[in-house]
Amino acid sequence: MKRLFSIMGFLALFGVAAATYFSLRPDAAPQSNFVMLDGSQKTTQSWNGNVTLVNFWATSCTTCVAEMPMLVSTYNKYQAKGYRTVAVAMEYDPPAYVLNFVKTRQLPFEVALDNTGQVARDWGNITITPTTFLLNRRGEIVKQYVGAPNEKELHTLIEKLLAES
């Protein structure tokens, strides 16, 4: 009887450990097709090998506009180390407004137009902006932010992901 309880205890502990491991594993980012502002097309896989921030935003979103300088400085700080930023303009954002915003703010990173809303649907039916995902080099989502990310926390996580091989 004592042996049976020991085995049951071991199995329970193993089950908890396995559940914890699998719940902490990052999910693969959705495989989406992005239409870039310059008309080129990219896929989620285009950024594999880089730590990538995917930011859903709109020119009419005051929080999005307010966070852009931080996204630019973050990109400038880490891009030489294998970090990428992809800003995905929402379906309702007129392309002319997006282009004007990118030019006047001199955004240095890639910008995609989600003209059909398919990319937002692929990534979990995104309706709130800004919504941001941070991907590791394997293209797995390690963090999702709804609203502007905390810059210090974001930088700490980026540095950790860039240090991983």
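This report describes strand pairing, the nonpolar core, salt bridges and aromatic pairs in a predicted model.

Residues are numbered from 1 along each chain as its sequence is written, and side-chain values use heavy atoms, with hydrogens and water left out. Because the model is predicted, local features need pLDDT of at least 70 and side-chain atom pairs count only at pLDDT 80 or more, while totals for chains, interfaces and linings use all residues.

## Strands around β6

Helices (H or I, at least four residues) and strands (E, at least two) are DSSP runs, numbered from the N terminus. Two strands pair if DSSP finds at least two bridges between them.

Strand β6 covers residues 110–113 and runs antiparallel to strand β2 (residues 33–36), to which two bridges join it. Here Met-36 stands opposite Ala-112 in β6. Strand β6 also pairs with strand β5 (residues 83–89), in the parallel sense and over four bridges. In this pairing Val-86 faces Glu-110 of β6.

Helix α3 (residues 95–105) joins β5 and β6 in a right-handed β-α-β unit. A crossover is right-handed if, with the strands pointing away from the viewer, the path from the first strand over the helix to the second runs clockwise.

Val-86 lies in strand β5. Val-86 is buried, at a relative accessible area of 0%; buried means under 20% relative accessible area, exposed over 50%, and partly exposed in between (1.4 Å probe, protein chains only). Contact means heavy atoms within 4.5 Å. Not counting residues up to four places away in sequence, Val-86 touches Met-36, Trp-47, Thr-52, Leu-53, Val-54, Asn-55 and Glu-110. Val-54 is 32 residues from Val-86 in sequence, yet the two are 4.9 Å apart in space, C-alpha to C-alpha.

## Nonpolar core

A nonpolar core is a set of buried Ala, Val, Leu, Ile, Met, Phe, Trp, Tyr and Cys residues joined through side-chain atoms within 4.5 Å. The largest one has 46 residues, and those with the most contacts inside it are Phe-56, Trp-57, Tyr-83, Trp-123 and Leu-134. Helix α2 (residues 62–78) gives the most to this core, with seven residues.

Outside a window of four places in sequence, Trp-123 touches Ala-29, Pro-30, Ser-32, Phe-34, Thr-44, Val-54, Phe-56, Phe-133, Leu-135 and Ile-141.

Thr-74 has its place in helix α2. The relative accessible area of Thr-74 is 0%, so this residue is buried. Its contacts, not counting residues up to four places away in sequence, are Tyr-83, Leu-154, His-155 and Ile-158.

## Salt bridges

A salt bridge is a side-chain nitrogen of Lys or Arg within 4 Å of a carboxyl oxygen of Asp or Glu. A search of the whole structure finds three salt bridges.

| Basic residue | Acidic residue | Closest N to O |
|---|---|---|
| Lys-42 | Glu-110 | 2.4 Å |
| Arg-138 | Glu-140 | 3.2 Å |
| Lys-143 | Glu-153 | 3.5 Å |

Lys-143 lies in strand β8 (residues 140–146) and Glu-153 in helix α5 (residues 151–163), so their salt bridge ties together parts that are ten residues apart in sequence. Lys-143 is partly exposed at 30% relative accessible area, and Glu-153 is partly exposed at 38% relative accessibility.

In the salt bridge of Glu-110 with Lys-42, Glu-110 belongs to strand β6 and Lys-42 to strand β3 (residues 41–43), so the pair ties together parts 68 residues apart in sequence. Glu-110 counts as partly exposed at 22% relative accessibility, as does Lys-42 at 27%. Glu-140, the partner of Arg-138, counts as buried at 19% relative accessibility.

## Aromatic pairs

A pair of aromatic rings is described by the distance of the centres and the angle of the planes. Rings of Phe, Tyr and Trp (its six-membered ring) pair if their centres lie within 6.5 Å; planes under 30 degrees apart count as stacked, over 60 as edge-to-face and the rest as tilted. The structure holds seven aromatic pairs.

Trp-57 and Phe-101 form a tilted pair, 5.1 Å centre to centre with 45 degrees between the planes. This pair links distant parts of the chain, with Trp-57 in strand β4 (residues 51–57) and Phe-101 in helix α3, 44 residues apart. Trp-57 is buried at 0% relative accessible area, and Phe-101 counts as buried at 5% relative accessibility.

The rings of Tyr-78 and Tyr-83 have centres 6.1 Å apart and planes at 70 degrees, so this pair is edge-to-face. Both Tyr-78 and Tyr-83 are buried. Ring pairs also link Phe-56, Trp-123 and Phe-133 into a cluster.
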